[in-house]
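Reader: Hey, can you walk me through the charged side chains in this one? I'd like to go through it piece by piece.

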Amino acid sequence: MNSYRKKKILIHSLIFSPDGVSTAYLYDDIALAFKNSEYDVVVLSTTPHFNLVPEQLAAQPLKWGVWGLYKKSLYNGIPVYHVPQKKFKSTFLRLIGFVYWHIVSFFIGLSIKNVDVILSPSPPLTIGRLNNLLGKLKGCKVVYNVQEIYPDILNKPEKSFVNRFLRRLEKRVYDASDAVTTIDQVFYDTIIGRFKDKSKLHIIPNFVDTELYHSDVPTDCLDKSLFPDNDNIKLLYAGNIGYAQDWEPLVRLAEKTKDMPIEIFLIGMGVRKSWVEEQKLDKKLDKLHILDYQPRHLMPAILEYSDIQYIFMTPEMEGMGFPSKVYTIMACGRPLLVCSGDNTPIVNFLKPIGCAKLIAETDLEKKTDEMAEWLKTISRERLREMGAKGEQTIRKNYTKEIVTEQYVNLINSLLN
């Protein structure tokens, strides 16, 4: 008598619940989609170290595993292995932690039995190579998800040792994987020439949970001392305050609009936050509000509170990354103010929809003048019209139900 065994997927991601960042939420939903499709799901990740959310930690407690090398938790019944990681300030300690994660996660992955397929997102690029080796040893399929393009995103000279090493590593990851997914046509066009077998590459976009993120959410849950109740136009950004985005235009825009009925909010953490805080004090930008990360359950109300969401990409990064928060903003019916060059992923995606003011100018003064002038003349009625176009697009093409089904279908086709 034959015994039935569910197909088993190992999701190997640097970030997963209960970490409170966009990649974690993305892969949380992908894991649940496979569970709902009758897969046996196991997750291999790290301890939360990007954004610690007390409520999520309490709901998903971590307990030490064998020999104190890792922790274990359950996410909606899905077992999760967490290799300890910290956000060290020291580059050397970060490197040690990075190496430790690779070594320990490799042996944990090796110990997980009956795996049919391994799915992992970039970054880092090395996770793809590690899973190529695991897949070979375990005799299973390997799918690599390109969320950011390495080594391009590092902006290193082509002839440098780092660039040449990562180019070789990237090619090996692509060639040794059974399938590779990427998130949009620009990414596809950028990397397709790097494949020996071009049929391996597929486009599967990111998505948004429209049950959580939608328009017309009550805002009375927000702390009025942090989110003042007035008639000013409110520009808002929530996420990582790092090097992927350009913060100088934000400060300059805050200077140019300080006498206008406009409030600007910057919510999150990151290496560039202290610089923006210093600029706020030096330039006396009282209507630039800088806050820490807010709990996820408040984000729909925070998005509803805003009139416009802004994203200012750096020239070095604008062609190699696509902020997944774009989908969330659109789902909540909010328009965007975006600085990015022509033919970049974010511009190519938003341009035909009509839900964003796109600024392609590169000169700091000219682009901040253009933004300030647009803000001076735009009406709330026009902003609502723009936001409605974005929300309609999300509900048609980018809900978690629509997109996660594409992941399940791809892996079903590989296994069948």
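**Charges on the model**

Author: Sure, and a place to begin is Arg 168, which sits in helix α5; helices here are DSSP runs of H or I with at least four residues, strands are runs of E with at least two, and both are numbered from the N terminus. Keep in mind that this is a predicted model, where local features need pLDDT of at least 70, side-chain atom pairs count only at pLDDT 80 or more, and totals for chains, interfaces and linings use all residues. Residues are numbered from 1 along each chain as its sequence is written, and side-chain values use heavy atoms, with hydrogens and water left out.

Reader: OK. Is Arg 168 buried or exposed?

Author: Partly exposed, at a relative accessible area of 40%. Buried means under 20%, exposed over 50%, and partly exposed is in between, using a 1.4 Å probe and protein chains only.

Reader: Which residues gather with Arg 168 in the positive patch on the surface?

Author: Arg 129, Lys 136, Arg 164 and Arg 172 join Arg 168 there. Two elements give two or more residues to the patch, α4 (125-138) and α5 (161-176), and α5 gives the most, with 3 residues. Patch members have over 30% relative accessible area and no salt bridge, with like charges joined within 9 Å and nonpolar side chains (Val, Leu, Ile, Met, Phe, Trp, Tyr) within 5 Å.

Reader: Switching to salt bridges: how many are there?

Author: The count is 17, taking a salt bridge as a side-chain nitrogen of Lys or Arg within 4 Å of a carboxyl oxygen of Asp or Glu.

Reader: What does Lys 256 pair with?

Author: Glu 365, at 2.9 Å from N to O. That pair links distant parts of the chain, with Glu 365 in helix α12 (residues 364-377) and Lys 256 in helix α7 (residues 248-256), 109 residues apart. Both belong to a salt-bridge network with Arg 252, Glu 255 and Asp 369.

Reader: And which residue does Arg 380 bridge to?

Author: Asp 307, with the closest N and O atoms 3.0 Å apart. Arg 380 is in helix α13 (residues 380-397), while Asp 307 is in the loop between α9 (299-305) and β13 (308-312), 73 residues away. Arg 380 is partly exposed at 31%, whereas Asp 307 is buried at 13%.

Reader: How far apart in helix α12 are Glu 373 and Lys 376?

Author: They are 3 residues apart, so about one helical turn separates them. Their side chains meet in a salt bridge at 3.8 Å, N to O.

Terms used
Areas by Shrake-Rupley, 256 points an atom, 1.4 Å probe, with all protein chains shown as cover. Lys, Arg positive; Asp, Glu negative; His and termini not counted. Charge placed at Lys NZ, Arg CZ, Asp CG, Glu CD.
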